[in-house]
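Here is a friendly walk through one protein model, written for someone who may soon have the chain on the bench. Keep the structure open beside the text and follow along.

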Amino acid sequence: MKAGFWVAPEGEDAAMTVMPIDAEPPTATRRLNYLATASAEEMIRRCRRTAELLPKIADALAVQKADEPGTLFDITDFPEDDRELISQTLGEGEVAGVVALQNGVLAQIQEAVMAGVWRIHFTNTDGALLADYIEVAAIPAAVREATSALPTVLAVGEPPAGAMNVMPVLHEIGERVASYREGDASHTITFSLLPMSPDDMGFLQETLGPGPVQLTSRGYGTCRVLATGVRHVWSVQFYNAMDTIILDTLEIGGTPSVAIAAEEDFRDSESRLREIEEAYFK
């Protein structure tokens with residue numbers, strides 16, 4: 001078995017893969033360069049709905065709190081040019097992911113260059129677009145919706161003969177899940193510090209099961225965040241440039257902080273968005 005708590009079983013990657021909303025993610029420099037072009041100037045003149053939307057997003061950022069529900073902006077019926085201009089203006093930031101909702105809908109989420117602003121495509125299992133939203137929030141509501149339906153009780157069976165330390169770990173997880181309350185600090189279990197055999201890790205994976213959320217953060221290196229099948233239990237894995245796990249943990253708590261926007265992010269993003277609006281959309 002490869003190192004790490006979560007390793008995709010053979011052939012299961014296709015079931016839910018972290019996919020960007022656009023095929024070629026623009027960098028911040030390319031985004032600003034595009035807005036400065038003549039073609040963008042013409043598009044901005046045509047796309048008045050985008051010009052009207054940006055100050056509303058900035059206003060939402062000005063009052064958003066990290067621990068409060070976000071604000072949704074439905075752009076599903078915007079003209080195609082407006083939606084393309086919104087993509088170019090917001091760009092793509094560090095966090096992206098896929099959320100499987102209970103009704104069979106997939107939510108593909110992509111953070112904008114402005115942290116705390118998210119683009120969300122809701123699709124069916126065939127990939128057809130159902131809805132297109134901008135959300136101002138610490139993390140999109142779809143993440144919390146999907147994980148809130150998970151059980152909080154671990155059903156633990158008999159461990160395999162080669163298991164050494166998995167039962168105390170499962171006991172610790174169960175106690176932490178039972179005692180967790182919204183707003184509590186997360187509790188971290190670091191597998192790098194535990195003598196866990198392949199049988200231990202296999203039984204742990206089997207007991208917790210896969211969850212409905214996969215997120216990837218590409219800030220300082222790559223971090224993959226996956227919900228398990230138990231509420232408040234997350235696999236958080238950090239990778240080096242060779243895509244090798246360098247830190248493998250479970251977090252028991254709310255959505256891991258590596259994937260969420262902090263309070264100061266909203267204020268910084270508001271300032272950046274108003275600067276862009278002033279420079280290109282006035």
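## Strands, a helix and charged pairs

Thr 222 stands opposite Tyr 239 in S9. That pair is a handy place to enter this predicted model, and the strands around it come next.

**Three strands in a row**

Strand S8, residues 222–228, runs antiparallel to S9, and six bridges join the two. Between these strands lies a hairpin of four residues, where His 232 takes a positive phi near 75 degrees.

On the next pairing, S9 runs antiparallel to strand S10 (residues 245–252), this time with seven bridges. One pair to look for here is Ser 235, whose bridge partner in S10 is Leu 250. The hairpin of S9 and S10 has five residues between the strands, and Asp 243 adopts a positive phi near 60 degrees there.

How many of the seven residues of strand S9 are buried? Six are, so S9, which spans residues 233–239, is mostly covered.

**Helix H2 and its two faces**

Now turn to helix H2, which covers residues 38–46 and has Ala 40, Met 43 and Ile 44 as its buried residues. These three lie on the same side of H2 because they cover an arc of only 100 degrees around the axis. Ala 38 and Arg 45 are exposed, and they sit on the face of H2 turned away from its buried side.

Arg 45 also has a charged partner: it forms a salt bridge with Glu 42, with the closest N and O atoms 2.7 Å apart. Why are Glu 42 and Arg 45 separated by about one helical turn? The reason is that they are three residues apart in helix H2. As a general point, an α-helix has 3.6 residues a turn, so residues three or four places apart point the same way. Glu 42 counts as partly exposed at 32% relative accessibility, while Arg 45 counts as exposed at 51%. The cut-off for exposed is over 50%, so Arg 45, at 51%, meets it.

The pair belongs to a wider group: Glu 41, Glu 42, Arg 45, Arg 46 and Asp 81 are linked in a network of salt bridges.

**Salt bridges elsewhere**

The count of salt bridges comes to 13. In general, side chains of opposite charge can pair when their charged atoms come close. Three of these bridges are set out below, with their N to O distances.

| Salt bridge | N to O distance |
|---|---|
| Glu 42 – Arg 45 | 2.7 Å |
| Arg 119 – Asp 132 | 2.8 Å |
| Glu 263 – Arg 267 | 3.6 Å |

Is the pair of Arg 119 and Asp 132 buried or exposed? Arg 119 counts as buried at 9% relative accessibility, and Asp 132 counts as buried at 0%. The side chains of Arg 119 and Asp 132 meet in a salt bridge. This pair links distant parts of the chain, 13 residues apart: Arg 119 is in strand S4 (residues 117–123) and Asp 132 is in strand S5 (residues 129–136).

Glu 263 and Arg 267 bring us back to a helix. They are four residues apart in helix H8 (residues 263–280), and are therefore separated by about one helical turn. Glu 263 is partly exposed, with a relative accessible area of 30%, and Arg 267 counts as partly exposed at 28%.

Terms used: Residues numbered from 1 in each chain as written. Predicted model: local features only at pLDDT ≥ 70, side-chain atom pairs only at ≥ 80, totals over all residues. Heavy atoms only, no water. Buried < 20%, exposed > 50% of the residue type's maximum accessible area, 1.4 Å probe, protein only. Pairing = 2+ DSSP bridges. Arc of directions from axis to C-beta. Salt bridge = Lys/Arg side-chain N within 4 Å of Asp/Glu carboxyl O.
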